[in-house]
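Please look over the sequence and the model below before reading on. The paragraphs after it go through the sheet, the nonpolar cores, the charged pairs and the cysteines.

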Amino acid sequence: MELNLTRVEFTDESTIGELSINGAFECYTLEDKVRPVKVKGMTAIPAGSYEIIINFSERFKKPLPLLLNVPNFDGVRIHPGNSAKDTEGCILVGKSKSADFVGSSRATFETLFEKLKRAAENEKIFIHIV
């Protein structure tokens, strides 16, 4: 499965993107601000391609998607949340967007997570961030 995240809106607080699966729009994303130098807990991950696995998150106490081998970052996940205060380098998802915000995040995440779980049974999952 191929996920593509295109970052489209950049503010002093966050980065809004559009996530597609195999070329079809899925949802909006919210990440921390893109910075030239990492500020712990306040910086979007580097653009690039990453494999995604689903494993148990000790922090969230449930299985979540995890991006592998992100340079200088550990524990980067896709999970629900609405604003930059809800992410520390992770990718949040939502069906609606406004300045520094994505909405309907829990429902959006559940829909996406079901697709990822099904795909993980038969194939590798990759996300490409541009």
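**Sheet, cores and side-chain pairs**

L3 stands opposite I21 in strand 2. The model that shows this is a predicted one. The pair belongs to the antiparallel pairing of strand 1 (residues 2-10) with strand 2 (residues 14-21), which extends over seven bridges.

These two strands are part of an open sheet of eight strands with mixed pairing, in the order 5-4-10-1-2-3-7-6. Strand 5 and strand 6 form the edges, each pairing on one side only. Strands of a sheet are held to one another by backbone hydrogen bonds, in either a parallel or an antiparallel sense.

At one edge, strand 5 (residues 62-67) runs antiparallel to strand 4 (residues 48-57), and six bridges join the two. S57, in this pairing, stands opposite K62 in strand 5. Four residues lie between the strands of this hairpin, and K61 takes a positive phi near 60°.

The other edge, strand 6, covers residues 78-79 and includes H79. Is H79 buried or exposed? The relative accessible area of H79 is 3%, and since buried means under 20%, H79 counts as buried. Leaving aside residues up to four places away in sequence, H79 touches F60, L64, D86, C90, I91, L92, V93 and F109. Of these contacts, L64 lies within the range of strand 5, residues 62-67, and I91, L92 and V93 lie within the range of strand 7, residues 91-94.

L92 also comes up in connection with strand 3, where L30 lies. The C-alpha atoms of L30 and L92 are separated by 5.0 Å, although the two residues are 62 residues apart along the chain. L30 is buried, with a relative accessible area of 0%.

Turning to the interior, the largest nonpolar core has 25 residues, and L3, I45, L67, I78, I127 and I129 are those with the most contacts inside it. Strand 1, strand 2, strand 4, strand 5, strand 7 (91-94), helix 1 (105-120) and strand 10 (125-129) each give two or more residues to this core. Helix 1 provides the largest share, five residues. Another core, of five residues, lies apart from it; among its members are I16, Y28, L92 and V102.

L3, where this account began, is one of the residues with the most contacts inside the largest core. Not counting residues up to four places away in sequence, L3 touches L19, S20, I21, I52, L116, I125, F126, I127 and H128. I21, the residue opposite L3 in strand 2, is thus one of the residues that L3 touches.

The charged side chains come next. How many salt bridges are there? The count comes to nine. One of them joins D12 and K33, with the closest N and O atoms 3.6 Å apart. D12 lies in the loop between strand 1 and strand 2, while K33 lies in the loop between strand 3 (24-32) and strand 4, so the pair ties together parts that are 21 residues apart in sequence. D12 counts as exposed, at 66% relative accessibility, and K33 is partly exposed, at 23%.

A salt bridge also links E26 and K115, where the closest N and O atoms are 2.8 Å apart. Because E26 lies in strand 3 and K115 in helix 1, this pair ties together parts that are 89 residues apart in sequence. E26 is buried, with a relative accessible area of 7%, whereas K115 is partly exposed at 28% relative accessibility.

Within helix 1 there is a salt bridge between E114 and K117, and their closest N and O atoms are 2.9 Å apart. The two residues are three residues apart in the helix, so about one helical turn separates them. E114 is partly exposed, with a relative accessible area of 35%, and K117 is partly exposed as well, at 32%.

The cysteines remain. How many disulfides does a search of the whole structure find? The search finds zero. C27 is in no disulfide, and the nearest cysteine sulfur, that of C90, is 15 Å away. Why is there no bond from C90 to C27? The 15 Å between their sulfurs is too far for a bond. C27 is buried, with a relative accessible area of 0%, and C90 also counts as buried, at 5% relative accessibility. C90 is one of the residues that H79 touches.

How values were computed
Residues numbered from 1 in each chain as written. Predicted model: local features only at pLDDT ≥ 70, side-chain atom pairs only at ≥ 80, totals over all residues. Heavy atoms only, no water. Pairing = 2+ DSSP bridges. Buried < 20%, exposed > 50% of the residue type's maximum accessible area, 1.4 Å probe, protein only. Contact = heavy atoms within 4.5 Å. Core = buried A, V, L, I, M, F, W, Y, C linked by side-chain atoms within 4.5 Å. Salt bridge = Lys/Arg side-chain N within 4 Å of Asp/Glu carboxyl O. Disulfide = S-S within 2.5 Å.
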